[in-house]
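Student: I've got a model open and some labels I'd like to pick apart. Can you go through them with me?

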Amino acid sequence: MTLTTKNQRPARDPWNVGFGVVASIAAFFTLLIWIPNDIKGGFIEINQIGKPEPGDAFFPIILASLMLVLSTGQLVGAVLSSKPQEASGKLTAHNLKFLFLFYTIVLAGLTVMYWLGPLVVDALRSTGVIDSTYRQLVDTAPYKYLGYVAGGFLMTTGLIAWAEGSIRPQAVLTVAIIIGALILVLDILLYNIQIPPNADF
């Protein structure tokens, strides 16, 4: 018989189970409803020269499938585990503050990512420097990189600085390398994929 103290209880922590359930439902919804109805391209498509290449749905399906695998593993582990664990406790003001700061940083990064490019292009257009709209320049360097790079830097370095209490040069360099690698893969090697948020314009 397993003994538990006042601050311990058998596994099946409702927080772990609930997280697994919600994430699994979200993954199923994404795979079965969101992607089929929102993305017109397939998982693998044949290009103009007859070669197979990743379609519009390739990366969304990969990410949603990975989310389903991880959330299912989380749920199964939470349900089957028999080890006693510390009680999760209740939702506190500190938890809410943590969530508020986290989402503030993420939303600020996404906002910059989405709007910086169009705003810069509109400003240049209004001053007569260029005569094109962002929609016309959505696949033209350097305009297509403005939001992705600035928003990515703001989000990742902001989260790192918040977590560590400061920002180190090594962290900035790491972020730069990762963003550069993603641009290399998504925008250069996979020429039919547009980096966020350019596909929305």
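Tutor: Sure. Keep in mind that the model is predicted. Of the contacts in the protein with a separation of 6 or more, 65% are between residues 24 or more positions apart.

Student: What makes a pair of residues count as a contact?

Tutor: Heavy atoms within 4.5 Å. By that cut-off, the buried residues of helix 3 pack against helix 4 (143–164).

Student: How do you know which residues of helix 3 are buried?

Tutor: Buried means under 20% relative accessible area. I105, V106, G109, M113, G117, P118 and V121 are buried in helix 3. For the protein as a whole, 25% of the 201 residues count as buried.

Student: Why is the span of helix 3 called close to the expected one?

Tutor: Helix 3 runs over residues 93–126, which is 34 residues. The expected span is 1.5 Å times one less than the number of residues, and for helix 3 that gives 50 Å. From first C-alpha to last, helix 3 reaches 46 Å, so the two values are close.

Student: Where does helix 3 bend, and what makes that a bend?

Tutor: At W115, by about 40 degrees. The angle is taken between axes fitted to the seven residues ending there and the seven starting there. A proline, P118, follows W115 within four residues.

Student: What comes after helix 3?

Tutor: G128, with a positive phi near 85 degrees.

Student: And what is the overall pattern along the sequence?

Tutor: β-α-β-β-α-β-α-α-α, with five helices and four strands.

Notes: Residues are numbered from 1 along each chain as its sequence is written. This is a predicted model: local features need pLDDT of at least 70, side-chain atom pairs count only at pLDDT 80 or more; totals for chains, interfaces and linings use all residues. Side-chain values use heavy atoms; hydrogens and water are left out. Helices (H or I, at least four residues) and strands (E, at least two) are DSSP runs, numbered from the N terminus. Buried means under 20% relative accessible area, exposed over 50%, partly exposed in between (1.4 Å probe, protein chains only).
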